[in-house]
Structure formats: C-alpha cells, structure tokens
Amino acid sequence: MHSVAESLYILPTDEPEGQRLDLQNQVLRKAFGNRIIFAPIELHEGDKVLDIGTGAASWLLDCYNTNKDATFYGIDLKTDIFPRLDDEQKRQIHLEAGNVLQLPSDWTNNFQLANQRLLMTALSKENWNTALEQIYRVLAPGGWVQLIEISQCVSGEPSRKFYAMVEDLFAARGILHNCVDHIPDILKDAGFDQVKAQCHEISIGGPPNSDGMNAKARESFIRASQGMESAVVTMGIRTEGEFKELVEGLERDWESDAQSKMIFYIFVAQKPSSDDK
C-alpha cells in the first residue's frame, strides 16, 4: 500500500525531524498571520478534518486547539513521530498510518476539510493526480481542501547551485518539480471548483529580526536541506563532500543576504455541493 510514496520520499522520519517540523509549523503559523484554516469554512460539532502527511501533527494540534468541537484524523506513512495525546485529545484526535494514494473506502464523502502541507518532496505527477482524486472522494459535498507548498527560494548563486542539485534529485526519483505550477490544473481535473491561490513570502536572510523568525525559518529550511543528504548520496547525485559543501554555501548565502526568502503558495478548492462525478 505504501510502496510508491515510500520509495519517493526523501526526508527522514525520526525525532530530530519531528522537532524540525514543530519549528517549521511555528514559522509558518507566524508568517501566515496565525491563520490555520485558509478555506472559507467554519467548523462545527460533528465536522471532520483530515490532515494528510501529518508528521508530528503540529498543524492538526493547532487546528484542534481552536476548533475542539470537530473531530480530527491525521495520517502518515510512518507513525514514528506522532505525538503522545492526552485522554481529552484522544476523544477528538485519531492518528494512524495511512497513504493519501489509497484512502479508506469507508471515508467517502466524510470530511469537511482536508489539509495537506509540503509533500513536494514525496509525489510524482501521477501521485499528485491520484492524491487529489482521493482527497476529492473523501471530502463531503461542499467540503474544502487546502494545500501549502514551496514555489522557490530567492537568494544568490550558492542557492541556485543547491536547488539545481535538488532538481536533479527530483528528476532521478520521479518527483514532480515545481508542483505549484501544476496544482491548479490537477485540482480542476479532479473535479474541484472555487480554486484559489495565495502567495506568501517568508524571510530567511540576514541577522535575526525583531522576533527572530527569519533565523528560525532559516534553521528549519537548512535542517530540511541537510535531511536530503542520504537520498542525494545514495542515488549518486552528488558525493557526501559535494553535498556538505553545497549546504554550507546555502547557509552562508542566506545569512549574508537579508533579501533571501522562500516563496510559498496556499491553494484552496471546494468539492461542489452537488457532486456529479
């Protein structure tokens, strides 16, 4: 069930990665003005929310803390970094192994909101098609999906060299490069309407600013970059020494250029209230 996605995913699933995901969630929440839900929906008692690729469940727990009447489901291929839930949380939150490419058949028309964030390192073009078809199926008519992905890094020549290597890695693994360019059409092909996109810039450059969030963002994305080492070296994209040199150059580039930033896109789309698919 998990063989396709597991074979493509290029980041670790261990305790340090869980800590990095918590830091990343803090950065994104601040950058997005503390917004958690971008779809135009209010959650009520009995509503169900699905978080795909939940990881450390950081987003899911944030959403639960502001919408405690809803019921939450978080799935991921591996459960290693799932958080421990207290008894109260366990009544409303369900974490389990699962694959967006094959969601349970009894989930059809079941969720009011589905969230998927930063799976750009995991999915081929075919996987994206399948994933959004599966999400469409499990959403209730009138339900919403929100997707958050990185478009690009804006910085200097060392960053360009690093991301050229990432592009080589994606090509070798069959991962869709620049998924943000394809997502709107894939959503429409899956049957969604009301497709909208928002662009957000996150500073990662220069000395720490007043709240230190640019430095925290930089740390999170550098640690994510370092997490690609095993896949890069194993597949022969670069040697270990070449990889480390590229990451060191990336970090120096971001620290020295205050204009360095990550460009994020947030997509929302609705399953029609009258579903004729």
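1. Which helix gives the most to the lining of the largest cavity? In this predicted model, the answer is α2, with 3 residues. Both α2 (15-31) and α3 (58-66) supply at least two residues each to that lining, whose full membership is Asn-25, Leu-28, Arg-29, Phe-32, Arg-35, Ile-36, Phe-38, Trp-59, Asp-62, Arg-117 and Ile-148. The space inside comes to about 60 Å³, and a search of the whole structure finds 1 cavity of 30 Å³ or more.

2. Two residues of the cavity lining, Phe-32 and Phe-38, lead on to the aromatic residues, since together with Phe-221 and Phe-264 they form one aromatic cluster. Phe-264 also appears in the description of the nonpolar core, where it is among the residues that touch the most other members.

3. The largest nonpolar core holds 86 residues, and those touching the most other members are Leu-50, Ile-135, Val-145, Phe-162, Leu-187, Phe-192 and Phe-264. Strand β5 (residues 139-154) contributes the largest share of this core, with 7 residues. For a reader who wishes to look at one member in detail, Leu-187 is a convenient choice: leaving aside neighbours within four places in sequence, Leu-187 is in contact with Leu-132, Val-145, Leu-147, Phe-192, Val-195, Phe-267 and Ala-269.

4. The count of aromatic pairs in the model comes to 11. One of them joins Tyr-73 and Trp-107, whose ring centres are 5.8 Å apart and whose planes meet at 65°; since an angle over 60 degrees counts as edge-to-face, the pair is described in that way. Tyr-73 belongs to strand β2 (residues 71-76), whereas Trp-107 is in the loop between β3 (93-97) and β4 (111-117), so the pair ties together parts that are 34 residues apart in sequence. Both Tyr-73 and Trp-107 are buried.

5. A further aromatic pair is made by Phe-162 and Tyr-163, again edge-to-face, with 5.1 Å from centre to centre and 85° between the planes. How do the two partners stand with respect to the surface, buried or partly exposed? Phe-162 has a relative accessible area of 0% and is buried, while Tyr-163, at 26%, is partly exposed. Because buried means under 20% relative accessible area, the value for Tyr-163 falls outside that class.

6. A charged side chain is also placed against an aromatic ring in this model: Lys-271 lies over the face of Tyr-136, at 5.0 Å from the ring centre.

7. Two residues other than glycine deserve a look at their backbone, namely Ala-57, with a positive phi near 60°, and Asn-109, for which phi is likewise positive and near 60°. Ala-57 is placed in the loop between β1 (48-52) and α3, and at 1% relative accessibility Ala-57 counts as buried. Asn-109 is found in the loop between β3 and β4, and with a relative accessible area of 39% Asn-109 is partly exposed. The loop that holds Asn-109 is also where Trp-107, the partner of Tyr-73, is located.

8. Finally, Gly-174 sits in the loop between α6 (157-173) and α7 (183-190), where a relative accessible area of 36% makes Gly-174 partly exposed. Although Gly-174 and Thr-121 are 53 residues apart along the chain, their C-alpha atoms are separated by 10 Å.

Definitions and conventions
Residues are numbered from 1 along each chain as its sequence is written. This is a predicted model: local features need pLDDT of at least 70, side-chain atom pairs count only at pLDDT 80 or more; totals for chains, interfaces and linings use all residues. Side-chain values use heavy atoms; hydrogens and water are left out. A nonpolar core is a set of buried Ala, Val, Leu, Ile, Met, Phe, Trp, Tyr and Cys residues joined through side-chain atoms within 4.5 Å. Buried means under 20% relative accessible area, exposed over 50%, partly exposed in between (1.4 Å probe, protein chains only). Helices (H or I, at least four residues) and strands (E, at least two) are DSSP runs, numbered from the N terminus. Contact means heavy atoms within 4.5 Å. Rings of Phe, Tyr and Trp (its six-membered ring) pair if their centres lie within 6.5 Å; planes under 30 degrees apart count as stacked, over 60 as edge-to-face and the rest as tilted. A charge sits over a ring if NZ of Lys or CZ of Arg is within 6 Å of the ring centre and within 35 degrees of the ring normal. On a 1 Å grid over the protein atoms alone, a cavity is a set of points where a 1.4 Å probe fits but cannot get out, and a pocket is an open set with protein on both sides within 12 Å along at least five of seven lines; lining residues have an atom within 4 Å of a point. Grid points are joined across faces, edges and corners, and a volume is the space filled by probe spheres set on the points.
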